[in-house]
Amino acid sequence: MGTLVSVNPRTGETVGSVETTPPERVAEVVVRARRAFEAWSGTPIRERLARLRGFKRLILDRGDEVAETVAAETGKDPADAYLQDVLVALNVVAHYVRRAERYLEVRSARTWPFVTTAAATFFRPRGVAGVISPWNYPFLLPMIPTVSALAAGCTVVLKPSEVTPLTGELIGRLADEAGLGTDVVSVIQGGGDVGSALVEADVDVLSFTGSTAVGRRVAEAAGRRLIPVILELGGNDAMLVLEDADLGRAARAAAWGATLVAGQTCVAVERVYVVDEVYDEFLSALESQFDRLNAGGGDRWDVGPIITEAQLGVVERHVADAVERGAKVLRGGHRVETKRGRFYAPTLVVDVPADALMMTEETFGPVLPVVRVADEDEAVAAANSSAYGLHGSVWTADKRRGVRVARRLRTGTVAVNDVAVNFATPGIPFGGVGLSGVGVALGPEGIRAYCHPQGVTVSRLGVPTTQLVGAALPRRGLRYWKALGRLLYRW
Ligand code: NAD
C-alpha cells in the first residue's frame with residue numbers, strides 16, 4: 001500500500017500523510033457502500049435529515065479543526081478557510097436539512113385526456129454515488145455532492161484530491177462520528193488511478209468536480225457504463241462593467257474575485273470587459289486595488305500560494321503568451337521570490353488580444369486582463385465568445401438592466417453587482433455550460449440529480465384506462481381514432 005504525503009504549498013512543510021487505496025480494492029468499497037444503501041435508502045427521509053443535522057452540528061463544533069486542516073493543505077489563511085470551506089458548507093447542509101423533504105416530495109401530474117388515471121413522480125435514490133473532488137475548496141466541494149446524495153438516500157464513496165487527502169480523511173471521520181452509519185460515507189485515497197477505478201466501479205451516479213480535461217475522461221467512462229454524471233468543470237468567467245456601474249465597488253470585486261485563493265477558484269474573475277465611457281476611471285480604481293494586494297511572504301498576505309509548480313508554469317505561460325501578442329502588464333507579471341512556497345504576483349494586464357491563452361483558457365492564477373469595449377452589446381458578445389460558461393457578473397446601477405444582460409450571457413450562473421456569491425447560495429442551481437460542465441449542484445436540481453424520477457400511474461376506476469379508451473383488445477378502427485383526435489385536439 002502506498003502513502004500520500006500532504007505538503008503545505010505556503011511553507012513547503014509536510015503536513016501529514018495517509019495510506020492510498022489500491023485501485024483494485026475500490027470495487028470492494030463500492031460493494032460495501034451498496035450494502036449500506038439498502039438500510040440508508042430505507043431510512044425515512046426525516047430520520048436521514050435528522051442525522052445530517054447532527055453532522056452539521058459536529059462540523060460547527062469542529063470548524064476550527066476543519067479550517068486548520070484546509071489551511072495546512074492549501075496554504076489558505078485559516079480565517080479564509082473557515083469562511084470559504086466551513087461556513088459555506090454549513091450553509092449547504094443547513095439548506096438541505098430544511099428543504100430536502102420538499103425537494104423530494106411526490107409530485108402529482110395532470111393526465112388529460114386519461115381522466116381515469118392518476119399519475120405521480122417519485123424521486124427514488126439511485127444507489128451508490130461516486131464523488132471525485134479537487135483540491136481548491138477541499139472541504140466544501142466534496143461536501144456539496146456528498147450531502148446532496150445522502151439527503152436523496154444514496155450512499156457515497158468519496159475520492160478527495162490527492163493534494164488534500166487529510167481534509168478528505170477528516171470528512172470520513174466526521175461522517176462516522178456523526179453516526180451516519182457504517183459505509184454510508186467511505187473515503188478512498190489516491191490520485192487519478194484511484195479516481196479512474198471509482199469511475200469504472202459499480203457506482204450508480206458520479207459527481208466530478210475538477211478540470212475540463214479530466215472531466216471529459218470521466219464522462220467518456222460514464223458514457224460507456226451508461227450512468228449519469230454531474231460535471232462541475234473549469235471556467236473563464238467574464239465581468240461586465242457597464243457605464244452606469246458603481247466603479248469603486250466593481251473594482252474591489254474584480255480585485256478580490258481575481259485573486260481569491262490566488263485565482264485558483266472555478267468562479268474567479270478571469271476577464272473584465274469595461275464600456276469605453278468608464279474604462280479609464282475603472283482601470284485606475286482597479287490599479288489602486290491591486291497596489292494594496294500583497295502576495296506571498298510576510299505575516300500579512302492577501303494572495304496565497306499557487307498549488308503546484310505545474311500550475312505556476314501555466315500562469316507564467318499565459319502571461320508570456322499575452323505579452324508576446326502585444327499585451328501590457330500594468331501590475332505584477334512575475335513570481336514572488338520567497339524562501340519557501342510558490343507565489344505569483346497579482347497581475348493586471350491590458351491590450352490583450354481575444355485569441356490570447358488567458359482569454360480563451362482557464363488561467364487559474366491571480367491574473368486579470370481588462371478589455372475596453374464600445375457598449376453593452378460588445379461586452380455581451382465578447383463574454384459569450386468563450387467555450388466555457390460557468391459564472392459571470394454584470395455591474396450596473398440599474399438592476400433590471402443587470403438581469404436583462406445576465407439573461408443574455410451563456411453561463412450557468414450570473415451575479416448582478418457581485419462575484420462568486422452564487423456558489424454560496426444553495427437555493428439555486430450551480431453549474432456550467434459548454435466546457436464548464438454538465439448538470440448542476442445545489443437547489444432542487446442538485447439533490448434530484450442523485451435520484452431517478454419514477455413516473456407511476458394508477459388506474460382509478462378499476463377498469464384499465466387503455467381498455468376504457470379502446471386501445472386494448474378488441475381493436476378499434478382508424479375512423480374511431482380519427483374521431484377521437486378531432487374531439488380532443490380540434491380547439
Ligand atoms: P483535476 O481535474 O486535476 O483533479 C480533480 C480530481 O480528479 C482529483 O481528485 C484527481 O485525483 C481526480 N482525477 C485525476 N485523473 C482522474 C481520472 N483519470 N479519473 C478520475 N479521476 C481523476 O483538478 P484540480 O487541479 O484538483 O482542480 C482544479 C480544477 O477544478 C480547475 O479547472 C477548476 O476550475 C475546477 N473546479 C471546478 C469547480 C466547479 O464547481 N465548476 C469547482 C472547483 C474547481
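**Ligand contacts and pockets in a predicted model**

Q: What makes the pair formed by an oxygen atom of the ligand and a backbone atom of Ser133 a polar contact?
A: An oxygen atom of the ligand is 2.8 Å from a polar backbone atom of Ser133, and because a polar contact is a pair of N or O atoms within 3.5 Å, this pair counts as one. The model is predicted, so that local features need pLDDT of at least 70 and side-chain atom pairs pLDDT 80 or more, while totals for chains, interfaces and linings use all residues. Residues are numbered from 1 along each chain as its sequence is written, and side-chain values use heavy atoms, without hydrogens and water.

Q: Which distances place polar side-chain atoms of Ser211 and Glu362 by oxygen atoms of the ligand?
A: For Ser211 the distance is 2.6 Å, and for Glu362 it is 2.5 Å. The protein covers 88% of the 850 Å² of accessible area (Shrake-Rupley, 1.4 Å probe) that the ligand has on its own.

Q: Where does the ligand sit, and what makes that assignment?
A: The space taken by the ligand is the largest pocket, an assignment that requires more than half of the ligand's atoms to lie within 2 Å of the pocket's grid points. This pocket has a volume of about 1100 Å³, and of its 44 lining residues the closest to the centre include Phe208, Gly210 and Ser211.

Q: Which element gives the most to the lining of the largest pocket?
A: H8, with eight residues; this helix (212-225) also supplies at least two residues of the shell around the ligand, as do helix H7 (192-200) and strand S8 (205-209).

Methods: A polar contact is a pair of N or O atoms within 3.5 Å; within protein, one must be able to donate a hydrogen and the other to accept it, and residues adjacent in sequence count only if both atoms are side-chain atoms. On a 1 Å grid over the protein atoms alone, a cavity is a set of points where a 1.4 Å probe fits but cannot get out, and a pocket is an open set with protein on both sides within 12 Å along at least five of seven lines; lining residues have an atom within 4 Å of a point. Helices (H or I, at least four residues) and strands (E, at least two) are DSSP runs, numbered from the N terminus. Grid points are joined across faces, edges and corners, and a volume is the space filled by probe spheres set on the points.
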